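Please open the model in your viewer and keep the sequence panel visible. The stops below proceed from single residues to whole elements and then to the chain.

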Amino acid sequence: MLEQFVPFIGLIIFGNIENLILASQGVVAGVNPRILGLLSIIVVLIWIFIGFVATEAAMQYSNYITFLGGLAIVILGLQSIHGAVKNLRKTKRGE
């Protein structure tokens with residue numbers, strides 16, 4: 001049974017990293033941690049549901065899906081780093 005999920009291992013790892021990046025961006029932006037946590041849990045449950053329902057249909061596209069997931073992680077990571085650097089510079093200047 002688990003063999004069908006092997007092509008999506010990279011996406012599972014990328015998804016967890018993406019969730020951490022989005023959570024850190026929310027914390028930096030000053031979002032209420034309870035709301036952020038609740039929204040994060042809701043999104044994870046939606047992805048679990050989609051994963052169970054659409055796995056068979058998505059198998060032929062697993063390489064593309066993993067690539068797009070990885071690309072999204074890179075883009076979100078760069079965006080997060082940019083925001084953090086901008087925030088650090090603003091803090092150092094005393095603004």
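Select glycine 69 first; this residue is found in helix α3 (helices are DSSP runs of H or I of at least four residues, strands are runs of E of at least two, and both are numbered from the N terminus). Glycine 69 is buried, with a relative accessible area of 11%; buried means under 20% relative accessible area, exposed over 50%, and partly exposed in between, with a 1.4 Å probe and protein chains only. Now add phenylalanine 14 to the selection: the two residues are 55 positions apart in sequence, yet their C-alpha atoms lie 6.4 Å apart in space.

The model is a predicted one, in which local features need pLDDT of at least 70 and side-chain atom pairs count only at pLDDT 80 or more, while totals for chains, interfaces and linings use all residues. Residues are numbered from 1 along each chain as its sequence is written, and side-chain values use heavy atoms, with hydrogens and water left out.

**Helix α3**

Extend the selection to residues 62–93, which form α3. This helix has 32 residues and reaches 46 Å from its first C-alpha to its last, close to the expected 46 Å; the expected span is 1.5 Å times one less than the number of residues. Which residues of α3 are buried? They are Ser62, Thr66, Gly69, Gly70, Ile73, Leu76, Gly77 and Ser80. Then step to glycine 94, just after α3, where phi is positive at about 85 degrees.

**Helix α1**

Select glutamate 18, which lies in helix α1. Its relative accessible area is 26%, so glutamate 18 counts as partly exposed. Leaving aside neighbours within four places in sequence, glutamate 18 is in contact with Ile73 and Leu76, where contact means heavy atoms within 4.5 Å. Both of these partners are among the buried residues of α3. A C-alpha to C-alpha distance drawn from glutamate 18 to glycine 70 is 9.0 Å, although 52 residues separate them in sequence.

**The loop and helix α2**

Move to glycine 30, in the loop between α1 (9–29) and α2 (33–58). Is glycine 30 buried or exposed? Glycine 30 is exposed, with a relative accessible area of 61%. From its C-alpha to that of valine 74 the distance is 23 Å, across 44 residues of sequence.

Next, select glycine 37 in helix α2. Glycine 37 is partly exposed, at 31% relative accessibility. Its C-alpha is 9.9 Å from that of glycine 26, which is 11 residues away along the chain.

**The whole chain**

Finally, display the entire chain as a cartoon. It contains 3 helices and 0 strands, running α-α-α from the N terminus. The radius of gyration is 16 Å, well over the 12 Å that the globule rule gives for 95 residues, so the chain is more spread out than a compact globule; the radius is taken over C-alpha atoms, and the rule is 2.2 Å times the number of residues to the power 0.38. Along its principal axes, the C-alpha trace spans about 55 × 25 × 15 Å. Of the 95 residues, 16% count as buried.

Colour the chain by pLDDT, the predictor's confidence in each residue from 0 to 100. The mean for the chain is 78, and 92% of residues reach 70 or more. Among the elements, α1 has the lowest mean (74) and α3 the highest (82). Where pLDDT is low, the predicted coordinates should not be read in detail.
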